[in-house]
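Colleague: I'd like a close look at one part of this model, please: the cavity, and whatever helix packing goes with it.

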Amino acid sequence: MFGAFRAYGYSSVPFDPAEDPSAFKLLLNIYLRSGIPVVLTTKGRTGHAVTVVGYRKEEVVPEWNLNKVWAEEGPPEGGDTEAPLDESEEPEEASPCGGDSLPILAHNLAYERIYVHDDRLGPYARARLVEVDPVTLEIEIEFPDNTVEKTELDIGLAPLYAKARLTGSQLLEAAGLLYPWVNNYLEQVLGEERRGLELFFERSGNYLASLYARRLDAERMERFMGKVSLSRYVGIVRICSESGVELLDLVLDTTDILREDPFDPLVPILAVVALDPSAQPAADGVSANTNILAG
């Protein structure tokens, strides 16, 4: 499977449900929300694989504990940002970051049904992921005769654009690094409340077009578009209000990685974009205290 992905010019990113079934479901949705299909392999004597191509979004957004890494005072000051990258290495999907937990509304977990391509059933077969215990996740595939096949999942494989080095797990880790700090600015402006996160990847051209479609402040967008320089694909950490209003985006460079060296900037963040006028003071506050471009 890894060789097949490589033959078509993609790197393959494995992630394991045994590490944390709920985090596995969240990572799966990050890729699906980004338009990236995911291959799921199952355990058993013969083994099997299906390709997940979509999901049905639910109205109820569940609470999830985000791992918090930075304290509210913000990120450590960085040093050299030009550390060389080994382009021959394929990205590895690490387990989500450690640290104190912070309850959030996880929009990436607001789904139950998934749609899979199965060579026994054809395209868009209906299925569900069910957490059996803290280390076991099963896939339940529905057959036309109303029977359900239950099989324990082995691993997930996501194909990534060859130059994209930021994986779904690292995007989740970046959220744990950045959200507590940025939320401090939001609380100063909007007050305390339980907020939500949605994580995904998007082509930069599509992302910029979506900003135009929002009809944000024209002068602000003109300044932002004149200065911003984005990678071909960007990672988005979107912060929402408890009621679902999209407040602010943190835009990350997918051609870079999270750094382990404390003297380097840990997160390759390119910009902070206010999606709602009420969040503009928070975005400006983040920008004023860092070198991060505000939009």
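Modeller: Here's the cavity, followed by the helix contact. This is a predicted model, so local features need pLDDT (the predictor's confidence in each residue, from 0 to 100) of at least 70 and side-chain atom pairs 80 or more, while totals for chains, interfaces and linings use all residues. Numbering runs from 1 along each chain as its sequence is written, and side-chain values use heavy atoms, without hydrogens or water.

Searching the whole structure turns up one cavity of 30 Å³ or more. A cavity is a set of points on a 1 Å grid over the protein atoms alone where a 1.4 Å probe fits but cannot get out; lining residues have an atom within 4 Å of a point. The volume, the space filled by probe spheres set on points joined across faces, edges and corners, is about 50 Å³ for the largest cavity. Its lining is Leu26, Trp64, Leu66, Ile104, Ala106, Asn108, Leu172, Leu197 and Leu199. Strand 4 (63-68), strand 5 (100-106) and strand 10 (196-203) each give two or more of these; strands are DSSP E runs of at least two residues, helices H or I runs of at least four, numbered from the N terminus.

Now the helices: the axes (lines fitted to C-alpha atoms over the stretch in contact, with angles from 0 to 180 degrees between N-to-C directions) of helix 2 (residues 21-33) and helix 3 (residues 168-190) come within 9 Å and cross at roughly 105 degrees. Touching there (heavy atoms within 4.5 Å) are Leu26, Leu27, Ile30 and Tyr31 of helix 2 and Gly168, Ser169, Leu171 and Leu172 of helix 3. Leu26 and Leu172 also line the cavity.

Notes. 1 Å grid on protein atoms, 1.4 Å probe; cavity = no way out; pocket = protein on both sides within 12 Å on 5 of 7 lines; lining within 4 Å.
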